[in-house]
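Visitor: I would like to go through this model and ask how its descriptions are justified.
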Amino acid sequence: MNSSYDVIVVGGGTAGMLAAVASARNGAKTLVVERWNHLGGTATCGIPFLGMFDTNGKQVNAGLAQELIDKLVEADGSPGYLYSRWNRNPGEPDNFCNVPFDPEVLKYVAQEMVLEAGADILYHTFVSDVIMDGQKIVGIEIVNKSGKQKIMAKVVIDTSGDADVAYAAGAPTNKGLNGIVQNVSTLFRLGNVDMNKFVEAMKKGDKVQGRENWHTRLTQAEDKNGKPYYVFMAALMAPGNHKLFTFGAVTPRDSEVYMNITRTTGIDGSNGEEVTKAEISERRKLMTIAKDIIKDTPGFENAYLVSTAPLGVRESRNIVGEYVLTQDDVVNCREFEDSVVRGGYPIDIHDPVGGNTMFTFLKGGGSYGIPYGCFLPLNVDNLLVAGRCLSSTHEANGSARMMGSVLSQGQAVGTAAAIAVEMGVTTKEVAIQVLRNRLKEQGAIL
């Protein structure tokens with residue numbers, strides 16, 4: 001491993017994997033540091049890409065995100081874009097688009113995109129500290145099986161999800177709404193499920209509710225033989241004696257279902273003890289709920305638990321950047337002169353106290369811009385931050401954290417980092433028009 005790079009990306013998740021691709025393709029010597037044994041982050045837990053289109057049906061995220069989806073389709077890992085409805089009131093923008101995919105195929109496709117771009121990958125590695133020169137970050141300290149090592153960089157990109165690098169570097173951060181954050185979940189996969197039987201039960205209101213309202217977004221695809229199967233839905237379920245849950249179910253392969261149904265509240269995802277507490281709580285809950293689903297729910301009679309994902313944290317630290325994205329910006333579809341990314345998904349808040357998911361739709365079904373300042377933390381130079389830890393309020397983060405936007409955020413910050421190196425300037429001195437033009441040339445929608 002080299003001792004210095006132009007750009008180091010910390011966290012190879014949804015934003016980080018494409019940040020590394022963008023940085024390397026734009027000529028920067030790039031390293032991505034990842035704590036797991038794969039790239040892709042939360043996306044590999046079995047949830048679909050959401051937010052690539054607004055509710056008017058207009059695409060708002062493309063560029064490297066589009067290339068990633070194309071490669072997943074080519075590798076037989078995704079059916080591509082699938083469309084259904086939110087089931088809103090007549091006359092209201094109602095398009096719902098999702099991209100289900102096989103998480104194992106994503107791990108491979110993301111890895112190969114990064115390597116083909118010319119970037120290096122370092123798996124099973126944590127960042128233990130940052131190296132500062134005044135208020136400029138100049139490197140990181142890592143720890144893995146080889147011990148501790150210092151690696152220098154001209155620019156560091158924090159796509160850790162929890163703003164770990166920014167926090168260590170002294171950048172100001174916030175957590176949720178006055179410290180109250182969205183609940184956490186653990187997705188789990190069930191095999192041998194008869195989804196046709198399940199959907200028929202949902203239509204009848206048999207153990208499952210929500211067929212006629214926005215909770216249900218049934219989406220179908222076809223397998224290699226042209227046989228249709230259900231790939232996405234959301235509804236209400238009360239398995240066993242549990243309270244009524246909002247749940248999402250994704251089936252990238254017929255008869256396999258990834259369930260997003262468990263909830264643990266009051267967890268600080270940036271605190272090691274609380275994350276451990278949540279992992280224990282979630283595993284207990286999912287084992288009980290999975291057993292009750294199999295026992296009580298039509299279509300799941302012969303199902304079995306296949307796998308569980310790592311804890312999914314929706315919200316922890318957010319940097320305070322040169323601009324803080326607000327609910328008003330999102331809902332009113334605000335445009336910015338220095339916008340480098342778009343978002344088009346409704347504000348999606350998983351109740352911090354454990355109730356049902358709350359949606360706030362964007363006016364006119366449109367989309368909004370995310371300015372470059374949202375990725376520039378205060379008080380630290382040559383550090384870019386993207387993903388769910390970008391500079392935003394609790395409410396705005398409920399939309400900006402969705403993976404369609406996050407994929408494009410990765411392309412934006414990776415490109416910005418490479419331009420900073422190329423031009424010999426700090427990340428805060430990058431000419432916004434140069435960055436916007438470069439992104440447009442590479443297929444991004446601004």
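Guide: This is a predicted model. The lining of its second largest pocket has six nonpolar, two polar and six charged residues.

Visitor: How many residues line the second largest pocket, and what is the volume of the pocket?
Guide: The volume of the second largest pocket is about 210 Å³. Its lining holds 14 residues, and those closest to the centre are Asp-76, Asp-223, Tyr-229, Pro-252 and Arg-253.

Visitor: What makes Tyr-229 a lining residue of this pocket?
Guide: A lining residue has an atom within 4 Å of a pocket point. Tyr-229 is listed among the lining residues, so it has such an atom.

Visitor: Why is α2 called oblique to α3?
Guide: The axes of helix α2 (residues 64-74) and helix α3 (residues 103-117) cross at roughly 125° and come within 10 Å. Angles of 65 to 115 degrees count as roughly perpendicular and those over 145 as roughly antiparallel. The crossing angle of roughly 125° fits neither class, and therefore α2 is oblique to α3. The crossing is right-handed.

Visitor: How do you know that α2 and α3 are in contact, and which residues meet?
Guide: Contact requires heavy atoms within 4.5 Å. On the α2 side, Leu-64, Glu-67, Leu-68, Lys-71 and Leu-72 take part, and they meet Val-105, Leu-106, Val-109, Met-113 and Glu-116 in α3. By class, this contact has seven nonpolar, no polar and three charged residues.

Visitor: At what angle do α1 and α9 pack, and how far apart are their axes?
Guide: Helix α1 (residues 14-25) packs on helix α9 (residues 403-423) at about 35°, and the axes are 7 Å apart. α1 passes α9 in a right-handed crossing.

Visitor: Which residues of α1 and α9 meet?
Guide: In α1 they include Met-17, Leu-18 and Ala-22, and in α9 they include Val-406, Leu-407 and Gly-410. The contact divides into 10 nonpolar, six polar and no charged residues.

Visitor: What makes Gly-410 count as polar there?
Guide: Gly is placed among the polar residues by the class rule, so Gly-410 in α9 is polar in this count.

Visitor: Why is α9 called oblique to α10?
Guide: The axes of α9 and helix α10 (residues 432-441) cross at roughly 125°. That angle lies outside the perpendicular range of 65 to 115 degrees and is not over 145, so α9 is oblique to α10. This crossing is right-handed.

Terms used:
Residues are numbered from 1 along each chain as its sequence is written. This is a predicted model: local features need pLDDT of at least 70, side-chain atom pairs count only at pLDDT 80 or more; totals for chains, interfaces and linings use all residues. Side-chain values use heavy atoms; hydrogens and water are left out. On a 1 Å grid over the protein atoms alone, a cavity is a set of points where a 1.4 Å probe fits but cannot get out, and a pocket is an open set with protein on both sides within 12 Å along at least five of seven lines; lining residues have an atom within 4 Å of a point. Grid points are joined across faces, edges and corners, and a volume is the space filled by probe spheres set on the points. Axes are lines fitted to C-alpha atoms, for helices over the stretch in contact, and angles run from 0 to 180 degrees between N-to-C directions. Helices (H or I, at least four residues) and strands (E, at least two) are DSSP runs, numbered from the N terminus. Angles under 35 degrees count as roughly parallel, over 145 as roughly antiparallel, 65 to 115 as roughly perpendicular and the rest as oblique. A crossing is left-handed if the near helix is turned anticlockwise from the far one by less than a right angle, and right-handed if clockwise.
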